[in-house]
Amino acid sequence: MISIHRVRGQSMLPTFSEGDYVLCLRPLSLLPLKVGDVVVVQHPRFGRIIKRIETLNDESAMWLRGDNPQSTSSETMGWLARQALIGRVVLHIAKPVSETA
């Protein structure tokens, strides 16, 4: 399954900016998860979020982090079960730069 998601917030700066889009792929049988991958997950407290995998626990749970130092901490987000995964980001579509007159 392929899904498209709009980036909201600044937790993934400088990699992704608010208003950018990401294309996600699931199932992951062709692209197994690894540390460093960017994923979209459904967090029980924060809703749908885009984060980077910091640690994989036997691929049954993930420890995530944002690229921006001001992002919600990994400790606050906690471990997420693999079932929370919406998809692995495979394409980044940057928002167009506004033209000035």
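Here a trainee and a mentor talk through a predicted model of one chain.

Trainee: Let's start with the overall layout. What makes up the secondary structure of the chain?

Mentor: One helix and seven strands. Reading from the N terminus, the order is β-β-β-β-β-α-β-β.

Trainee: And why is the chain called as compact as a globular protein of that length?

Mentor: Set the two values side by side: the radius of gyration is 14 Å, and the globule rule gives 13 Å for 101 residues, so the chain is as compact as a globular protein of that length. Along the principal axes, the C-alpha atoms fill a box of roughly 55 × 30 × 20 Å. Buried residues account for 42% of the 101 residues.

Trainee: How do the strands fit together?

Mentor: Seven strands make an open sheet, in the order S1-S2-S7-S3-S4-S5-S6, with antiparallel pairing.

Trainee: What makes S1 and S6 the edge strands?

Mentor: Each of them pairs on one side only.

Trainee: How do you know that S3 and S4 pair?

Mentor: Two strands pair if there are at least two bridges between them, and S3 and S4 have six, running in the antiparallel sense. One example is His 43, whose bridge partner in S4 is Gly 47. A hairpin of three residues leads from S3 to S4.

Trainee: What about S3 and S7, how many bridges join them?

Mentor: Three, again antiparallel. With a cut-off of at least two bridges, S3 and S7 count as paired, given their three. Within this pairing, Val 39 has Arg 88 of S7 as its bridge partner.

Trainee: Why is S3 described as largely enclosed by the rest of the structure?

Mentor: Count the buried residues: S3 covers residues 38-43, and five of the six are buried, so the strand is largely enclosed by the rest of the structure.

Trainee: Now Arg 52. Where is Arg 52, and is it buried or exposed?

Mentor: Arg 52 belongs to strand S4. Its relative accessible area is 16%, and buried means under 20%, so Arg 52 is buried.

Trainee: What does the side chain of Arg 52 make polar contacts with?

Mentor: One of its polar atoms lies 2.7 Å from the backbone oxygen of Gly 36. The side chain of Asp 67 also makes a polar contact with that of Arg 52, at 2.8 Å. In S5, the bridge partner of Arg 52 is Arg 65, and S4 and S5 are joined by five bridges in an antiparallel arrangement. Leaving aside neighbours within four places in sequence, the contacts of Arg 52 include Met 12, Thr 15 and Trp 63.

Trainee: Let's follow Asp 67, then. Why is Asp 67 called buried?

Mentor: Its relative accessibility is 18%, the cut-off is under 20%, so Asp 67 counts as buried. Asp 67 sits in the loop between S5 and H1.

Trainee: How do you know that the side chains of Asp 67 and Arg 65 make a polar contact?

Mentor: The distance is 3.3 Å, and the limit for a polar contact is within 3.5 Å. Beyond four places in sequence, Asp 67 also touches other residues, among them Ser 11 and Leu 13.

Trainee: Where is Ser 11?

Mentor: In the loop between strand S1 and strand S2. Its side chain has a polar contact of 2.9 Å with that of Lys 51. Not counting residues up to four places away, Ser 11 touches Ile 50, Gly 66 and Ser 71, among others.

Trainee: One last topic, the aromatic residues. How many aromatic pairs does the structure hold?

Mentor: One. Trp 63 and Trp 79 form it, with 5.2 Å centre to centre and 50° between the planes.

Trainee: Why is that pair called tilted?

Mentor: Under 30 degrees counts as stacked and over 60 as edge-to-face, so the rest are tilted. The 50° between the planes of Trp 63 and Trp 79 falls in that remaining range. Trp 63 lies in strand S5 and Trp 79 in the loop between H1 and S6, 16 residues apart.

Trainee: Which of these is buried, and which is partly exposed?

Mentor: Trp 63, at 18%, is buried. Trp 79, at 44%, is partly exposed, as that value lies between the cut-offs of 20% and 50%.

Conventions:
Residues are numbered from 1 along each chain as its sequence is written. This is a predicted model: local features need pLDDT of at least 70, side-chain atom pairs count only at pLDDT 80 or more; totals for chains, interfaces and linings use all residues. Side-chain values use heavy atoms; hydrogens and water are left out. Buried means under 20% relative accessible area, exposed over 50%, partly exposed in between (1.4 Å probe, protein chains only). Helices (H or I, at least four residues) and strands (E, at least two) are DSSP runs, numbered from the N terminus. A polar contact is a pair of N or O atoms within 3.5 Å; within protein, one must be able to donate a hydrogen and the other to accept it, and residues adjacent in sequence count only if both atoms are side-chain atoms. Contact means heavy atoms within 4.5 Å. The radius of gyration is taken over C-alpha atoms; the globule rule is 2.2 Å times the number of residues to the power 0.38. Rings of Phe, Tyr and Trp (its six-membered ring) pair if their centres lie within 6.5 Å; planes under 30 degrees apart count as stacked, over 60 as edge-to-face and the rest as tilted.
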